[in-house]
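This report describes selected features of one structure, for reading alongside the sequence and coordinates. It takes up a pocket first and then turns to helices, a sheet and individual residues.

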Amino acid sequence: MALPTHFDSLYIGGSWVKPIGGETSAVINPATEEVIGKAPVGTAADADAAIAAARDAFDHGPWPKMEWRERAGVLQQFHDALMMRKEEIVQLCVAEAGSIVPVASIMQFDMAMDGLQYYIHQIERREFVIPSSVSAHTNWATGGETLGSTVKVYEPLGVSVGITAYNYPFFLNLAKLGPALASGCTFILKPAPQTPLEALILGDIASEVGLPPGVFSIVTGGADVGEKLTTDPRVDQISFTGSDKIGAMIQAQAAPTLKRVTLELGGKSAMIVCEDADLEQAAFAGLINLTNQCGQGCVLQTRQLVHNAIKGQYIEMLKAMASQVKLGNPADPDTGMGPLISAAQRERVLAFIEQGKADGNTLVCGGSIPSGMDSGFFIEPTIFDCPNNSTAIAQEEIFGPVVCVIGFDTEEEAIAIANDSQYGLSGGVFSQDPGKAYRIGMKMRTGGVLINGGGGRLNPSVPFGGYKRSGIGREYGEEGLNEYLEIKVIDFRAA
Ligand code: NAD
């Protein structure tokens with residue numbers, strides 16, 4: 001199957017247009033370092049054109065005013081057209097983002113599609129305004145009584161911008177496109193420069209289902225494009241997924257024009273393994289948190305807090321499991337862990353590993369570029385036994401396959417270590433006592449907690465997001481849709 005890997009145009013105002021400047025960049029497969037395609041490089045001037053189109057489509061076009069049900073119908077076609085291209089999209093995620101096939105297929109594609117379907121159902125339910133009870137009110141002007149009522153109406157917020165990270169690109173792009181378009185906003189997507197293809201393919205689908213011009217645009221590029229999109233007064237809302245550093249910049253960039261900003265940021269999540277845990281179950285979860293997307297996942301539980309009575313056994317089991325993971329090209333179905341996204345990311349991870357050693361942590365295994373793997377941005381799964389939670393590798397988000405195992409003696413100590421973080425995205429508890437696991441989970445300052453590994457799949461009907469430096473606002477669930485909506489209350493006199 002020929003993958004759609006060669007693009008030279010941006011999707012703006014319902015048409016494919018060459019970027020101003022005409023620049024394209026090579027798209028690299030991180031497992032082979034081969035050029036697999038090309039993508040346009042957008043500029044601030046292209047972003048300006050996309051904003052103009054989105055503003056016009058919002059202010060004068062049919063999309064925001066369409067009946068909820070009609071819009072849901074168009075989005076259902078969008079959903080169904082994507083479903084037809086699952087195979088292609090999965091292969092793109094493998095080739096461009098370095099995802100192994102199950103991650104590309106389930107985490108990137110299936111979960112993204114569950115989310116889009118969820119938002120389509122949500123807006124069907126939002127067709128109705130919610131009337132409050134009709135009641136008599138005192139009319140202070142006349143001294144008599146009037147009969148009045150109030151209705152609450154949801155309206156689209158305006159021009160929405162989605163800026164995304166490179167790690168699960170298809171999933172992240174749809175997590176913004178779904179609620180933005182479902183709510184009736186017009187939407188501009190700026191994908192990460194490393195992964196433009198999973199975004200550009202959405203332009204084909206938009207044309208195919210006949211989205212009105214300007215409702216959806218895609219502008220690739222880097223920080224200059226992002227800066228234009230987050231500072232322009234014609235944009236009303238930003239939904240950003242990326243690092244806390246850039247998130248803070250975006251909040252500042254958006255402040256002068258008072259945009260609504262939703263931030264899905266980084267994490268350094270803790271997994272607490274109690275003395276009574278099913279050790280094999282916990283260690284296997286520890287392994288997934290080490291190797292998923294080569295450790296490039298915001299929710300990965302990279303601080304593994306293990307009761308001192310079982311810590312030695314846990315480390316041995318995790319190490320044995322890690323040694324069985326086959327590193328290689330994710331296109332090979334036997335591969336258990338693919339590469340990092342780039343040489344620069346690998347340098348960053350290696351620097352953290354050196355820092356970890358210098359700071360007195362014990363390297364249990366890994367820590368190097370695997371021997372014989374001369375091409376591709378591979379790195380060994382790396383386990384550190386850490387005496388405490390205070391060094392850089394326990395505090396900073398590494399975004400590579402590196403976990404810190406830290407011991408504890410009491411439940412209170414485990415909770416204190418877990419919460420000793422600038423982040424608060426995810427968390428985990430392993431115990432065979434569900435009441436105890438729940439009690440511990442309730443004390444973790446994080447947006448989500450998985451008990452004994454959780455259900456294994458994102459549930460789009462519940463909100464996702466982080467405390468502290470892991471973000472502001474939520475995606476998914478009713479709360480996720482509300483980020484893209486205004487609420488209007490109309491109070492009227494009935495009689
Ligand atoms: P990043 O913050 O470096 O970049 C993210 C996006 O921001 C890119 O599209 C980039 O071009 C853009 N950008 C850069 N400077 C900008 C500026 N000044 N204004 C506007 N946009 C700008 O993140 P990354 O390296 O692509 O991804 C890794 C990070 O993403 C990690 O911290 C990870 O935890 C986080 N992440 C969070 C979630 C979540 O849901 N919480 C999910 C996935 C990834």
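## The second largest pocket

In this predicted model, helix 7 (223-231), strand 11 (237-241), helix 8 (244-254) and helix 11 (343-358) each contribute at least two residues to the lining of the second largest pocket. Helix 8 is the greatest contributor, with 6 residues. The pocket has a volume of about 910 Å³, and 36 residues line it. Nearest its centre lie Ala-165, Phe-240, Gly-242, Ser-243 and Ile-246.

By residue class, the lining of this pocket comprises 17 nonpolar, 11 polar and 8 charged residues. Both domain 1 (10-265 + 471-493) and domain 2 (270-458) take part, each supplying at least three residues of the lining.

## Helices 3 and 6

Helix 3 covers residues 86-97. Its 12 residues should span 16 Å at 1.5 Å a residue, and the C-alpha atoms at its ends are 16 Å apart, so the expected and modelled values agree. The helix is mostly covered, with 9 of its 12 residues buried. The buried set consists of Glu-88, Ile-89, Val-90, Leu-92, Cys-93, Val-94, Ala-95, Glu-96 and Ala-97.

Helix 6 covers residues 197-209. For its 13 residues, a rise of 1.5 Å a residue gives an expected span of 18 Å, and the separation of 19 Å between its end C-alpha atoms agrees with this. Because 10 of the 13 residues are buried, helix 6 is largely enclosed by the rest of the structure. The buried residues are Leu-197, Glu-198, Ala-199, Leu-200, Ile-201, Leu-202, Gly-203, Ile-205, Ala-206 and Val-209. After helix 6 comes Gly-210, which has a positive phi near 75 degrees.

## A seven-stranded open sheet

Seven strands form an open sheet in the order 15-16-17-14-13-19-20, and the pairing is mixed. Strand 15 (362-365) and strand 20 (450-451) occupy the edges; each has a single partner strand, so one side of each lacks a neighbour in the sheet. Strands of a sheet pair through backbone hydrogen bonds, in either a parallel or an antiparallel sense.

Both senses can be illustrated here. Strand 15 pairs with strand 16 (residues 382-386) in the antiparallel sense over 3 bridges, and Leu-363 has Phe-384 of strand 16 as its bridge partner. Strand 13 (residues 270-273) pairs with strand 14 (residues 303-307) in the parallel sense over 4 bridges. Here Met-271 has Gln-304 of strand 14 as its bridge partner. In a regular strand, side chains alternate between the two faces of the sheet. In strand 13, Ala-270 and Ile-272 point one way while Met-271 and Val-273 point the other way, and all are buried.

## Positive phi outside glycine

Most residues other than glycine have a negative phi. Which way does the phi of Cys-294 go, positive or negative? Cys-294 is not a glycine, yet its phi is positive, at about 55 degrees. This residue is placed in the loop between helix 9 (279-291) and strand 14. Its relative accessibility is 1%, so Cys-294 counts as buried.

Tyr-476 likewise is not a glycine and has a positive phi, of about 65 degrees. Tyr-476 lies in the loop between strand 22 (471-472) and helix 15 (477-482). With a relative accessible area of 2%, Tyr-476 is buried.

## Two glutamines in helices

Gln-117 belongs to helix 4 (residues 101-125). Is Gln-117 buried or exposed? Its relative accessible area is 16%, and because the limit for a buried residue is under 20%, Gln-117 is buried. Gln-117 and Lys-38 are separated by 79 residues in sequence and by 31 Å in space, C-alpha to C-alpha.

Gln-355 lies in helix 11, one of the elements that supply residues to the lining of the second largest pocket. With a relative accessibility of 38%, Gln-355 counts as partly exposed. Gln-355 and Pro-387 are 32 residues apart along the chain, and their C-alpha atoms are separated by 14 Å.

Conventions
Residues numbered from 1 in each chain as written. Predicted model: local features only at pLDDT ≥ 70, side-chain atom pairs only at ≥ 80, totals over all residues. Heavy atoms only, no water. 1 Å grid on protein atoms, 1.4 Å probe; cavity = no way out; pocket = protein on both sides within 12 Å on 5 of 7 lines; lining within 4 Å. Points joined across faces, edges and corners; volume = space filled by probe spheres on them. Nonpolar A, V, L, I, M, F, W, Y, C, P; charged D, E, K, R; others polar. Domains from an automatic or database assignment. Expected span 1.5 Å × (residues − 1). Buried < 20%, exposed > 50% of the residue type's maximum accessible area, 1.4 Å probe, protein only. Pairing = 2+ DSSP bridges.
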